[in-house]
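Good morning, everyone. Please keep the sequence and the picture in view while I talk about charged pairs and then about nonpolar cores.

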Amino acid sequence: MSTYVITGAGSGIGRLVAERLHARGDALIVLARSARRAAELIAAFPGSAAVVADLADPSALAAAIDEADLPAEIDGIVHGAGIVELGAVADLPRDAWTSQLTVNLVAPAELTRLLLPRVRAARGHVLFVNSGAGLNAHPGWAAYAASKHGLKALADALRGEEGPHGVRVTTVYPGRTATPMQEKVHEQEGAAYDADRWIDPASVATAIMTALDLPRDAVISDLSVRPGPR
């Protein structure tokens, strides 16, 4: 049995990864923004534990982790949470930049930093669910893409730093995936949403599980998942 910390376990890709890990008997530690949300996730994944903290406030993570009394070894962190707010550079307010950079980049960096001693002890794995926007920035996506480009930089640096400690680091770059976030994106774009046009989140979850379960002689450093031909 392995122990995984998961952010974004409430919906979308993170939820499916949590379901698969839990179903095979792995121990889950879910990060929840409130005690009520934590209770809901623990009910969904019996036997799991929770860290109650809002990724919008990374400064609260250290105290929340201390309060949670986590195990000495953590086999993996799956960074699945994220937010998106589209807008042209000429129009997007400062708060939209700050919130996306905080939740999508600063919080994963801080959570990783705080948990690294436990991950090193397990010779574990840090996996970042990034985005195609972490590789290419398009009009209207500047702030979100900046946060995801930064997340790629975080993962790349971390991979080099933590390899000597036996820690593997993976970034997964899903294309447009049929999740609640994608539905919100379509609302912001003013476009009709058709889930059948996009990647099934179960397919991305399969890619993530493949990276996590790869034998220790190898690591999937970067993995792009794109919509297949219809």
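The structure holds nine salt bridges, where a salt bridge is a side-chain nitrogen of Lys or Arg within 4 Å of a carboxyl oxygen of Asp or Glu. This is a predicted model, in which local features need pLDDT of at least 70 and side-chain atom pairs count only at pLDDT 80 or more, while totals for chains, interfaces and linings use all residues. Residues are numbered from 1 along each chain as its sequence is written, and side-chain values use heavy atoms, with hydrogens and water left out.

In one of these pairs, arginine 36 meets glutamate 40, with the closest N and O atoms 2.6 Å apart. The two lie four residues apart in helix 2, so about one helical turn separates them; helices (H or I, at least four residues) and strands (E, at least two) are DSSP runs, numbered from the N terminus. Arginine 36 is exposed, at 54% relative accessible area, and glutamate 40 is partly exposed, at 34%, where buried means under 20%, exposed over 50% and partly exposed in between (1.4 Å probe, protein chains only).

Let us turn to the interior. The largest nonpolar core, meaning a set of buried Ala, Val, Leu, Ile, Met, Phe, Trp, Tyr and Cys residues joined through side-chain atoms within 4.5 Å, has 28 residues, and Ile6, Val17, Leu127 and Ile208 have the most contacts inside it. Among the elements that each supply at least two residues of this core are strand 1 (3–7) and helix 1 (12–23), but helix 7 gives the most, with seven residues.
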